[in-house]
Number of protein chains: 2
Amino acid sequence: MPQNMRILLKSTPVGPPGPEHFEAAHCDMPVATENQALVETLYLSLDPYMRGQISGRHLSGAVKPGDTMRGEAVSRVISSNMKGLKAGDLIAAHTGWQSHAVISDGVFRLLGFDALPPSLALGVLGMPGLTAYAGLKRLGEPKAGDRLLVSSAAGTVGATVGQIARLMGCETIGIAGGPQKYAWVTDTAKFAACIDYKNEKIRDGLMRLCPPRPPLGGVDIYFDNVGGDVLLAAMENMALHARVILCGLMTQYNTDSIPAGPPPGLIIRARATVRGMVVYDHEDMRAEAIDKIAAWIKSGDLVYREDMTIGLEHAGATFARLMRGETFGKVIVKVAN
Amino acid sequence: MPQNMRILLKSTPVGPPGPEHFEAAHCDMPVATENQALVETLYLSLDPYMRGQISGRHLSGAVKPGDTMRGEAVSRVISSNMKGLKAGDLIAAHTGWQSHAVISDGVFRLLGFDALPPSLALGVLGMPGLTAYAGLKRLGEPKAGDRLLVSSAAGTVGATVGQIARLMGCETIGIAGGPQKYAWVTDTAKFAACIDYKNEKIRDGLMRLCPPRPPLGGVDIYFDNVGGDVLLAAMENMALHARVILCGLMTQYNTDSIPAGPPPGLIIRARATVRGMVVYDHEDMRAEAIDKIAAWIKSGDLVYREDMTIGLEHAGATFARLMRGETFGKVIVKVAN
């Protein structure tokens with residue numbers, strides 16, 4: 001009889017997580033009752049916010065040892081007791097790190113991207129895409145001619161922010177680590193320029209690519225996915241009336257300490273606006289964001305990259321790779337065909 | 001023959017300034033040529049931003065040893081070669097710490113407050129009043145029912161922010177040091193409540209007066225005049241979509257180190273907006289601000305307090321008192337009758 005495979009948190013990591021912090025468990029298949037459907041996971045999304053859940057620091061609550069890891073997945077309906085949903089339909093839902101799940105009304109999105117891969121519902125056409133679109137447009141207030149700097153520029157949020165900003169007429173500068181990512185950001189994603197922080201000090205790169213407009217710096221919009229010293233360097237180089245979108249803190253997800261932030265005097269001097277971005281607040285923009293991004297993908301104006309691992313059993317090791325900054329593109333585990 | 005008295009910076013202080021860092025000098029009276037006027041200083045404004053000028057850290061440039069201290073004053077015209085300006089007129093201009101000055105066209109404001117004291121042009125009806133009005137209204141986005149917290153609540157900016165917020169329907173909580181200021185903030189300026197930071201830990205006061213709205217805190221708007229630990233405590237208690245106006249950094253003006261700021265994760269968690277306030281950007285609101293504040297003073301809805309010292313020779317000692325947090329109200333030196 002087929003079983004449901006789950007990946008549980010085995011123990012809470014201190015510092016970067018490793019495969020040893022996760023373990024597989026097998027249990028009976030879940031059963032769909034009235035107004036429910038049984039689904040089979042095809043693609044599981046791995047995201048940095050999960051590190052916060054493991055530490056108990058995320059808005060959405062904690063994942064404790066013995067719990068099934070949470071996360072969003074694209075799944076295929078196997079059998080349905082729900083009106084409007086039938087076997088073979090594709091859905092996206094927060095079903096977690098498991099091979100099968102039961103979904104109820106109101107907790108899933110039915111997918112219908114004509115001619116685009118369903119896994120994109122976890123990336124540019126999903127939460128990261130909405131994060132990029134709403135964060136840039138609503139919190140960044142971009143204008144043509146603005147100079148936009150974005151960290152993790154080879155990640156889905158960063159790459160999408162930069163490309164949308166370019167399409168809005170901004171000069172886009174990325175920050176990414178290593179020659180492969182550097183090349184992809186500049187050549188494939190068509191950023192105006194990129195700082196490879198593994199090859200050049202961030203501050204040197206900023207002087208080169210975001211030259212100051214004395215007495216202030218040359219960054220009009222900074223979209224931050226990392227925090228830490230990169231955030232500080234970017235904020236030291238803000239232009240007058242700069243906007244900073246704080247979206248992620250990759251540099252501190254693996255630590256239990258909470259580092260201080262940039263000096264408030266930097267914000268005063270630049271008359272800057274610094275805003276916190278949480279994607280949950282921007283569901284009202286989802287349809288607009290997904291429609292626009294899908295159209296840009298089809299027209300060739302916007303590219304994406306996926307980092308796909310095959311096999312749910314590798315989810316822990318892949319997550320560890322993500323948290324070491326070694327993945328390249330939207331991190332997906334392909335669970336079934 | 002009458003002479004012009006000036007107060008010069010004698011030496012650059014390390015840490016809090018004292019009277020020994022200033023010295024008086026006497027020189028010939030300045031002479032007004034074509035399109036100029038000779039004025040006699042009546043009231044000189046002392047403000048914390050001057051500490052930044054002495055350190056060479058202020059936007060407006062440095063004051064070096066041997067330079068006349070800069071600052072805004074209210075003066076009476078003695079003789080005028082300017083059209084529209086006659087002997088006896090009162091003006092406000094950045095004439096510095098001196099008994100007499102020559103002004104040219106375009107660098108002064110002609111005063112005409114009917115029935116209000118001219119010194120108010122340096123306080124509630126001047127730069128601090130505009131700072132409070134524009135900072136609160138434009139950057140704070142106050143709505144009736146919001147809970148507003150403001151530091152230096154017995155200072156002109158803080159007291160004016162709190163009173164305008166109350167008039168806009170906000171619940172106003174002040175932070176001030178010592179029983180006198182506490183009593184003035186609550187009884188005279190009619191804040192809803194006040195935290196006396198010399199009598200109670202800021203965090204305890206916040207729990208008492210700004211009770212959290214789990215999972216977040218209870219401060220909708222924080223108008224910051226001090227930075228440091230008070231800023232951190234306020235930002236740890238932000239409500240969802242809080243606004244923070246960074247206006248002053250009293251806690252660090254006397255130091256040469258630049259302390260880090262609150263962790264960026266606080267801003268993300270609260271989806272907060274943090275903005276830097278520099279009054280120069282808001283000249284377009286001056287007429288509106290002054291009209292409204294003057295009307296509120298006349299109707300008794302808004303009060304102010306002045307801390308007046310008589311004699312220009314005491315400007316240095318008074319400035320030292322200001323920078324030790326020992327003044328109470330708008331700090332003014334009365335130079336002549």
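Visitor: Why does B:His241 count as partly exposed?
Guide: This is a predicted model, and in it B:His241 has a relative accessibility of 39%. Buried would need a value under 20%, and exposed a value over 50%. The 39% of B:His241 lies in between, so partly exposed it is.

Visitor: Where is the place of B:His241?
Guide: Look in strand 12 of chain B, residues 238-246. While you're there, check the backbone: phi of B:His241 is near 65°, a positive value in a residue other than glycine.

Visitor: What is the phi of A:Arg271 near?
Guide: Phi of A:Arg271 is near 45°, again positive in a residue other than glycine. You'll find A:Arg271 in the loop between helix 7 (264-269) and strand 13 (273-276) of chain A.

Visitor: Is A:Arg271 buried or exposed, and how do you know?
Guide: Buried. Its relative accessible area is 12%, and anything under 20% counts as buried, so A:Arg271 qualifies.

Visitor: And A:Ala192, buried or exposed?
Guide: Exposed: A:Ala192 has 54% relative accessibility, and the cut-off is over 50%, so the label fits. A:Ala192 sits in the loop between helix 4 (179-188) and strand 10 (193-196) of chain A. Setting aside neighbours within four places in sequence, A:Ala192 touches A:Glu171 and A:Thr172. Its C-alpha atom is 33 Å from that of A:Pro16, a residue 176 places away along the chain.

Visitor: How many aromatic pairs are there over all chains?
Guide: The count comes to 8 aromatic pairs.

Visitor: What makes the pair of B:Phe22 and B:Phe319 edge-to-face?
Guide: Two values settle that. The ring centres are 6.1 Å apart, and a pair needs centres within 6.5 Å, so these rings do pair. Their planes stand at 85°; over 60 degrees counts as edge-to-face, so that's the name.

Visitor: Why say that this pair, B:Phe22 and B:Phe319, ties together parts that are apart in sequence?
Guide: Because B:Phe22 is in strand 2 (residues 22-28) and B:Phe319 in helix 9 (residues 315-323) of chain B, 297 residues apart in sequence. Both B:Phe22 and B:Phe319 are buried.

Visitor: How do you know that B:Trp184 and B:Phe328 are edge-to-face?
Guide: Try the same test: 6.1 Å from centre to centre, with 90° between the planes. The distance is within 6.5 Å and the angle is over 60 degrees, so both conditions hold. B:Trp184 belongs to helix 4 (residues 179-188) of chain B, and B:Phe328 to the loop between helix 9 and strand 15 (330-334), 144 residues apart.

Visitor: Are B:Trp184 and B:Phe328 buried or exposed?
Guide: B:Trp184 is buried at 9% relative accessible area, and B:Phe328 is buried at 8%. Each value is under 20%, so each residue earns the word.

Visitor: What sits over the ring of B:Phe328?
Guide: The charged end of B:Arg305, 3.6 Å from the ring centre. In chain A, the charged end of A:Arg305 sits over the ring of A:Phe328, at 3.6 Å from its centre.

Visitor: Why are helix 2 and helix 3 of chain B called oblique to each other?
Guide: They pack at an angle of about 45°, with axes 8 Å apart. Roughly parallel would take an angle under 35 degrees, and roughly perpendicular runs from 65 to 115, so about 45° leaves oblique. Their crossing is right-handed. The residues making the contact include B:Tyr133 and B:Leu136 of helix 2 and B:Val161 and B:Ile164 of helix 3.

Visitor: What makes helix 2 of chain A roughly perpendicular to helix 8 of chain A?
Guide: Their axes come within 9 Å and cross at roughly 105°. That angle lies in the 65 to 115 range, so roughly perpendicular applies. Among the residues in contact are A:Tyr133 of helix 2 and A:Trp296 of helix 8.

Visitor: And why are helix 5 and helix 6 of chain A roughly parallel?
Guide: Here the axes cross at roughly 30° and come within 10 Å. The angle is under 35 degrees, so they count as roughly parallel. The crossing of helix 5 and helix 6 of chain A is right-handed, and the residues that meet include A:Leu206 from helix 5 and A:Leu232 from helix 6.

How values were computed:
Residues numbered from 1 in each chain as written. Chains lettered and ligands numbered in written order. Predicted model: local features only at pLDDT ≥ 70, side-chain atom pairs only at ≥ 80, totals over all residues. Heavy atoms only, no water. Phe/Tyr/Trp six-rings, centres within 6.5 Å; stacked < 30°, edge-to-face > 60°. Helix = DSSP H or I, 4+ residues; strand = E, 2+ residues; numbered from the N terminus. Buried < 20%, exposed > 50% of the residue type's maximum accessible area, 1.4 Å probe, protein only. Lys NZ or Arg CZ within 6 Å of the ring centre and 35° of its normal. Axes fitted to C-alpha atoms, helices over the stretch in contact; angles between N-to-C directions. Parallel < 35°, antiparallel > 145°, perpendicular 65-115°, else oblique. Left-handed = near helix turned anticlockwise from the far one by under 90°. Contact = heavy atoms within 4.5 Å.
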